[in-house]
Amino acid sequence: MNQPLFERDPSETRNRAKEGVNPLLKLALELGPLMVFFFANSRGEWLAQKFPVLAEFGGPIFIATGLFMGATALALAISWLLTRTLPIMPLVSGAVVLVFGALTLYLQDELFIKMKPTIVNTLFGAALLGGLAFGKSLLGYVFDSAFRLDAEGWRKLTLRWGVFFLFLAVVNEIVWRLFSTDFWVAFKVWGIMPITIAFTMSQMPLIMRHSLDEPSGKK
């Protein structure tokens, strides 16, 4: 039975809203909190002098954590206002930031914020690989609105991203355990970000090989 013309698919409305978001604004919402974290950690003492209330958080890493939490919550709120939906990955990551950030500030122990990337990436990796074990390519549910692939394409892409997330978890553990806090913060911005971009771009040949044409007549 054909769907009545006056009925609108909510997912179609959300997708249209996402497409209308300026790409630069979307990039700022995704990377902004991380840049705030990096800046606040490197200039924590200066910020505490200019804004004495921030000194209540503690040292630079704790000031950075507090501002990181605020920037993350703000980015999620703006994203919701613009698109009326929140992608699962930023939502889960944001929730972990808020929980582990709060533990970091309450206990004055930077261990929790340092473990946040390990936990988030392990969760994503385990979910993707676990889904494949049960015959489900979960990445297709996340990115289906961005591009359309055949079943084999989604399976391969899900496997690659699952392994990559676990790789990022291992790298984070190595860096925060063996290097200084300042190096770890800088590596999150200038190490993990380029690695992730490079990995994403390296998947384009696979995406192109397994892309499906848009259905004819789709508006």
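Among contacts (heavy atoms within 4.5 Å) in the protein chain between residues at least 6 apart in sequence, 69% join residues at least 24 apart. The model is predicted, so local features need pLDDT of at least 70 and side-chain atom pairs count only at pLDDT 80 or more, while totals for chains, interfaces and linings use all residues. Residues are numbered from 1 along each chain as its sequence is written, and side-chain values use heavy atoms, with hydrogens and water left out.

The protein chain has 10 helices and zero strands. Both kinds of element are DSSP runs numbered from the N terminus, with helices being H or I of at least four residues and strands being E of at least two. Read along the sequence, the pattern is α-α-α-α-α-α-α-α-α-α. Of the 219 residues in the protein chain, 36% are buried. Here buried means under 20% relative accessible area, exposed means over 50%, and partly exposed is in between, with a 1.4 Å probe and protein chains only. The protein chain exposes about 13,300 Å², and carbon and sulfur atoms supply 67% of that area. Accessible areas come from the Shrake-Rupley method with a 1.4 Å probe; for residues, only the protein chains shown count as cover.

The UniProt entry, which is unreviewed, carries the annotation "transmembrane region" for residues 61-82, 88-107, 119-139, 159-176 and 183-202. UniProt positions are given in the numbering used here, feature names are shortened, and annotations may be inferred rather than shown by experiment. In the model, the span 88-107 is 100% helix and 0% strand, with its end C-alpha atoms 28 Å apart. The span 183-202 is also 100% helix and 0% strand, and its end C-alpha atoms lie 27 Å apart.

Helix α4 comes before α5 in the numbering. The 24 residues of α4 should span 34 Å at 1.5 Å a residue, and the end C-alpha atoms of α4 are indeed 34 Å apart. The expected span of a helix is 1.5 Å times one less than its number of residues. After α4 comes Arg-84, in the loop between α4 and α5. Phi of Arg-84 is near 60 degrees, a positive value in a residue other than glycine.

Helix α5 takes in residues 88-107, 20 residues in total, and reaches 28 Å from its first C-alpha to its last, close to the 28 Å expected. Which residues of α5 are buried? They are Met-89, Ser-93, Gly-94, Val-96, Val-97, Phe-100, Gly-101, Thr-104 and Leu-105. These residues cover an arc of only 165 degrees around the axis, which puts them on the same side of α5. The arc is that of the directions from the helix axis to the C-beta atoms. What covers the buried residues of α5 includes α4 (60-83), α6 (111-133), α7 (139-143) and α8 (151-178).

Val-92 is also in α5, but Val-92 is partly exposed, with a relative accessible area of 23%. The C-alpha atoms of Val-92 and Val-120 are separated by 7.6 Å, although the two residues are 28 apart along the chain. Gln-108 follows α5 and lies in the loop between α5 and α6. Gln-108 has a phi near 50 degrees, again a positive value in a residue other than glycine. The relative accessible area of Gln-108 is 40%, so Gln-108 is partly exposed.

A polar contact links α6 and α8 through Thr-118 and Glu-173. Thr-118 lies in helix α6 and Glu-173 in helix α8. The side chains of Thr-118 and Glu-173 are joined by a polar contact of 2.7 Å. A polar contact is a pair of N or O atoms within 3.5 Å; within protein, one must be able to donate a hydrogen and the other to accept it, and residues adjacent in sequence count only if both atoms are side-chain atoms. Both residues are buried, Thr-118 with a relative accessible area of 12% and Glu-173 with one of 17%. The side chain of Glu-173 makes further polar contacts at 2.8 Å with the side chain of Trp-176 and at 2.8 Å with that of Arg-177. Leaving aside neighbours within four places in sequence, Glu-173 is in contact with Met-115 and Thr-118. On the same basis, Thr-118 is in contact with Ala-169, Asn-172, Glu-173 and Trp-176.

Gly-135 sits in the loop between α6 and α7. Gly-135 is exposed, with a relative accessible area of 60%. Gly-135 and Arg-155 are 20 residues apart in sequence and 8.7 Å apart in space, C-alpha to C-alpha.
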